[in-house]
Amino acid sequence: MCVILSSLYKVMLLLLVCVAVQVAACLPLEARLDVVSRILHEVPLIDGHNDLPWNIRKFLKNQLKDFRFTEDLWEVEPWSQSAWSHTDLGRLRKGMVAAQFWSAYVPCSSQHLDSVQLTLEQIDLIRRLVVKYPDHMVLVTTADGIKHAHESQRLASMIGIEGGHAIGTSLGVLRMFYQLGARYLTITHTCNTPWADCCIVDEPGQIPHVGGLSHFGMLVVKEMNRLGMMVDLSHVSVPTMLDALTTSRAPVIFSHSSAHAICNSSRNVPDHVLRRLANNGGIVMVSFYPYFISCSETATMKDVVAHINHIRNIAGVDHVGIGAGYDGINLTPLGLEDVSRYPYLLAELLDSGRWSEEDLQKLAGRNLIRVFHQVEQVRDHLAAEGVQPYDNQIPFEEVLGRTYCKYSGT
């Protein structure tokens with residue numbers, strides 16, 4: 001009898017959820033935005049990738065005395081004249097963004113030259129930006145810190161390093177970046193490193209350099225697991241994705257990528273990798289760049305929704321998030337022109353009739369927080385197992401001909 005009643009209760013609960021989802025889909029836009037606002041007051045909206053720090057370097061040479069983040073940058077030159085500018089504190093607040101990974105990006109052309117120094121300068125910039133606006137921003141380095149920042153109504157500001165070339169083939173440098181607050185490393189940018197292949201090698205006519213991750217590349221992933229740093233697979237080749245998924249004991253992320261089945265850009269994630277990602281527990285944070293969304297220079301909010309839905313269909317609702325890539329893209333989808341527009345995206349999903357409030361909470365932030373917590377748990381388990389820092393150096397033959405800017409005494 002108890003079993004029958006329990007089954008009936010589950011059916012009734014499911015019916016109530018279905019009715020609630022359908023009712024939300026019938027609401028006008030303003031009413032759906034009210035629902036979204038309530039959701040985002042309860043759960044932090046987290047974006048996986050914003051390139052504002054590089055624009056500050058490009059436009060202001062990292063001189064923050066000249067940066068007026070609290071003003072509407074649409075009205076301030078040179079930001080008002082740039083197609084690459086989408087972010088200021090006012091628009092972030094309007095978009096109800098609670099947590100942002102700021103990208104410490106440096107160009108591939110700095111590889112084997114001054115990439116480590118440039119990355120340090122970008123980390124320094126992000127940290128100084130947070131200090132300059134203490135009433136609006138707070139540096140966050142833990143999963144729980146995101147929730148605490150949300151409760152204090154300050155923007156949780158996290159650091160992600162974009163491109164494995166930033167570590168200069170040194171696990172010691174990787175460790176120091178973690179100590180300075182970096183909580184993910186994108187394994188490559190649009191260039192191979194001596195230890196990992198980027199997405200360009202997946203394009204027709206290209207030849208792989210490593211064929212995925214080298215042995216040293218696998219040690220990078222293992223050291224990131226040991227540190228509690230998220231492994232970001234945006235920009236990498238498919239073999240590199242698969243090698244990282246095999247090597248990592250923690251969930252991985254794609255901080256700003258979309259679905260290859262919809263747009264066959266090499267920057268996107270194919271379905272067989274999405275299935276592996278679901279088993280790994282990781283997350284794809286969907287990019288808004290039209291060339292990754294529609295494979296053209298124009299896209300709409302509905303195109304972004306299609307990618308979110310596809311990733312949900314293949315990997316599951318627990319494995320999708322948002323990583324727009326604002327300030328690192330010069331084209332945006334219609335309806336998602338800047339960081340103020342996230343609520344409209346969630347309202348669009350609510351209108352589809354298949355996204356419940358709980359689903360939207362997962363997409364907005366709970367999925368990323370879960371991944372972050374699990375990465376920290378793996379770190380703690382490895383520490384309990386007595387795993388020590390990896391102190392291996394990259395084999396000399398893997399950097400042969402690229403040591404012209406290195407001290408040769410050791």
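This is a short tour of two residues and two helix packings in a predicted model.

Before starting, note that residues are numbered from 1 along each chain as its sequence is written. In this predicted model, local features need pLDDT of at least 70 and side-chain atom pairs count only at pLDDT 80 or more, while totals for chains, interfaces and linings use all residues; side-chain values use heavy atoms, with hydrogens and water left out.

**Stop 1: isoleucine 39**

Select helix α2, residues 29–42. Helices are DSSP runs (H or I, at least four residues), numbered from the N terminus. Isoleucine 39 sits in α2. Is isoleucine 39 buried or exposed? Its relative accessibility is 1%, so isoleucine 39 counts as buried (under 20% relative accessible area, with a 1.4 Å probe and protein chains only; exposed is over 50%, partly exposed in between).

Now show what isoleucine 39 touches: Glu357, Leu360 and Gln361, leaving out residues up to four places away in sequence. Contact means heavy atoms within 4.5 Å. Then pick valine 273. Its C-alpha atom is 30 Å from that of isoleucine 39, and the two residues are 234 apart along the chain.

**Stop 2: asparagine 367**

Move to helix α14, residues 357–384, and select asparagine 367. This residue is buried, because its relative accessible area is 2%. Zoom in on the side chain. One of its polar atoms lies 2.9 Å from the backbone oxygen of valine 317. Next, display the residues in contact with asparagine 367, skipping neighbours within four places in sequence. They are Ile283, Val317, Asp318, His319, Val320 and Lys362.

**Stop 3: α8 against α14**

Keep α14 on screen and add α8. Their axes are 6 Å apart, and the packing angle is about 95°. Axes are lines fitted to C-alpha atoms, for helices over the stretch in contact; angles run from 0 to 180 degrees between N-to-C directions. The two helices are therefore roughly perpendicular (65 to 115 degrees; under 35 is roughly parallel, over 145 roughly antiparallel, the rest oblique).

Highlight Asn225, Arg226 and Leu227 in α8; they meet Val378, Arg379 and Leu382 in α14.

**Stop 4: α8 against α9**

Hide α14. Select α8 (residues 215–227) and α9 (residues 238–247). Their axes come within 10 Å and cross at roughly 45°. α8 and α9 are therefore oblique to each other. Which residues of α8 meet α9? Met218, Val221, Lys222 and Asn225 do, and their partners in α9 are Asp243, Ala244 and Thr247.

Terms used: A polar contact is a pair of N or O atoms within 3.5 Å; within protein, one must be able to donate a hydrogen and the other to accept it, and residues adjacent in sequence count only if both atoms are side-chain atoms.
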